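Q: Please take a close look at one pocket of this protein. Describe what lines it, then follow its wall into the rest of the fold.

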Amino acid sequence: MLQIVFEGEEKHFYANKLDKVMMKIAVLLKQVPDLAEELEVDDSGKALDTEYIKFRLNEYDEHALEEAVSLKEAGQASEVAAIALDGEEVDKALFTAMAKGADKAIKIIGAEAEGSRAVASLFAEAVGTEYDLIMTGVQ
């Protein structure tokens, strides 16, 4: 509760900041290999062979999405946007996010990212300064 007191007056005014300011939440989503599938290393020996791998939404990102939707349902947020890099089965993950309560689904296309720093840069560019809270999984 925010209390505003004018000096010299006996009146006190109270305002709940959450009633006036509605957060916009961005949830960053990442696809990971489904561990129920057998994983094989490709010919280079440095990466997984993705030809037969099924991908699924990272479990921790699912939790972040559920928490963001809970905040929206509690009236503490006005919008939840799910953001993901283009990849195999990412459309399915974004449609699932919308079904769970996200208001927008944003797919970052046309950008190849190798490594965590490059991926973080792409997400930072997509999020910009439009969102008040950014939720992610563990790492």
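A: In this predicted model, the second largest pocket has a volume of about 170 Å³. Its lining consists of Q31, D34, K54, F55, R56, L57, E62, E89, K92, A93, T96 and K100. Two elements supply two or more of these residues, namely β5 (55-57) and α3. The biggest contribution is that of α3, which gives four residues. Sorted by class, the lining has seven charged, three nonpolar and two polar residues. The nonpolar members are F55, L57 and A93, and the polar ones are Q31 and T96.

A93 is a useful residue to follow from the lining. A93 sits in helix α3 and counts as buried because its relative accessible area of 9% falls under the 20% cut-off. Leaving out residues up to four places away in sequence, A93 touches Q31 and L57, both of which also line the pocket. A93 and F55, another lining residue, are 38 residues apart in sequence, with their C-alpha atoms 9.4 Å apart.

F55 can be placed against a second reference point, G87. G87 lies in the loop between β6 and α3. With a relative accessibility of 39%, G87 is partly exposed, whereas A93 is buried. The C-alpha atoms of G87 and F55 are separated by 9.4 Å, although the two residues are 32 positions apart along the chain.

Another lining residue, K100, leads from the pocket to the interior. K100 is among the residues touched by L65, along with V27, V80, A97 and A102, when residues up to four places away in sequence are not counted. L65 belongs to helix α2 and is buried, with a relative accessible area of 0%. L65 and V27 are 38 residues apart in sequence, and the distance between their C-alpha atoms is 6.0 Å.

L65, V27 and V80 are also members of the largest nonpolar core. This core has 19 residues, of which I25, V27, L29, L65 and V80 touch the most other members. Two or more residues of this core come from each of β3 (23-29), α2 (59-73), β6 (77-85) and α3 (90-100). With five residues, α2 provides the largest share. Helix α3 therefore appears in two settings: as one of the elements giving two or more residues to this core, and as the element giving the most to the pocket lining.

Further along the core, I25 has contacts with A68, L71, A77, E79, V80, A81, Y131, L133 and M135, not counting residues up to four places away in sequence. A separate, second core of ten residues includes A26, A81, I108 and V127. A81 is thus listed both as a contact of I25 and as a member of that second core.

One of the I25 contacts is a charged residue, E79. E79 lies in strand β6. Is E79 buried or exposed? E79 is buried because its relative accessible area is 17%, which is under 20%. Apart from residues up to four places away in sequence, E79 touches M23, K24, I25, D103, K104 and Y131. Y131 therefore touches both I25 and E79.

On the far end of α3, the chain passes into the loop between α3 and β7 (104-108), where G101 is found. Setting aside neighbours within four places in sequence, G101 is in contact with V69 and K72. The C-alpha atoms of G101 and A81, 20 residues apart along the chain, are separated by 9.4 Å.

These parts belong to a protein with four helices and eight strands, arranged along the sequence as β-β-α-β-β-β-α-β-α-β-α-β. Of its 139 residues, 29% are buried; L65, E79 and A93 are among them. For contacts between residues at least 6 apart in sequence, 62% join residues at least 24 apart. The contact between L65 and V27, residues 38 apart in sequence, is one of this kind. The accessible surface comes to about 9,700 Å², with 50% of it belonging to carbon and sulfur atoms.

Methods. Residues are numbered from 1 along each chain as its sequence is written. This is a predicted model: local features need pLDDT of at least 70, side-chain atom pairs count only at pLDDT 80 or more; totals for chains, interfaces and linings use all residues. Side-chain values use heavy atoms; hydrogens and water are left out. A nonpolar core is a set of buried Ala, Val, Leu, Ile, Met, Phe, Trp, Tyr and Cys residues joined through side-chain atoms within 4.5 Å. Buried means under 20% relative accessible area, exposed over 50%, partly exposed in between (1.4 Å probe, protein chains only). Contact means heavy atoms within 4.5 Å. On a 1 Å grid over the protein atoms alone, a cavity is a set of points where a 1.4 Å probe fits but cannot get out, and a pocket is an open set with protein on both sides within 12 Å along at least five of seven lines; lining residues have an atom within 4 Å of a point. Grid points are joined across faces, edges and corners, and a volume is the space filled by probe spheres set on the points. Accessible areas come from the Shrake-Rupley method with a 1.4 Å probe; for residues, only the protein chains shown count as cover.
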